[in-house]
Amino acid sequence: MEPIKAIDVKIFPHRRLKPETTEKILNELLELEGVLRFLVNGESLPKVVGYGPARGTSVNHPDRKIITVKGKEVELLVSVGEIVVTINQENLEEFVEKTKTILEETLNFGFDVGVGIFTRTKTTVSDHLKVGYGIEEDIDPSLTGIVDPKSNSKETVKLIGD
């Protein structure tokens, strides 16, 4: 099996994105040709305070919302600071051009768009342990590089699409 020739496009807005803006951008990006997956990074929005004198107290952060991406509801667990989209290499030029247009129309502040490899491309020991010892069942190889080794993938990875 020949490996897929893919490359990452990192979208780095100069401010954190609100849930509504994130939803709009993700839905528009998923309409473009060649998208294989995307990764949303940012500061964690916990449900409860994890440490300190308020430990265990509920956190009612206004940005921790459920957004709809390609018809599927997804709970936003982070305050979005960057989006990494993995695309087919053959669609790169057109994708970057259309992405910049989408961002210019949606955002009223600056952003940077970078091209490169921003996610792991090979499986790690953690990936092998999760599969080999049954910690995670049936990990899709396309998830390499976007799974947090310290967390349960079912909580942090949402499969959206056909």
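The legends below describe close-up views of a predicted model. Residues are numbered from 1 along each chain as its sequence is written, and side-chain values use heavy atoms, with hydrogens and water left out. Because the model is predicted, local features need pLDDT of at least 70 and side-chain atom pairs count only at pLDDT 80 or more, while totals for chains, interfaces and linings use all residues.

**View 1. The open sheet.** Four strands (DSSP E runs of at least two residues, numbered from the N terminus) form an open, antiparallel sheet in the order β2-β5-β1-β6, where pairing requires at least two DSSP bridges between two strands. The edge strands are β2 (35–44) and β6 (111–116), each with a single partner strand, so one side of each is left without a neighbour in the sheet.

**View 2. Strands β2 and β5.** Nine bridges join β2 to β5 (residues 78–88) in the antiparallel sense, and Val40 stands opposite Ile83 in β5.

**View 3. Helix α1 on the sheet.** Helix α1 (residues 19–30; helices are DSSP H or I runs of at least four residues) packs on the sheet and touches β1 (6–13), β2 and β5, contact meaning heavy atoms within 4.5 Å. The direction of α1 makes about 165° with that of β2, with axes fitted to C-alpha atoms, for helices over the stretch in contact, and angles running from 0 to 180 degrees between N-to-C directions.

**View 4. Surroundings of Leu29.** Leaving aside residues up to four places away in sequence, Leu29 touches Ile11, Val35, Val85, Phe95, Thr99 and Ile102.
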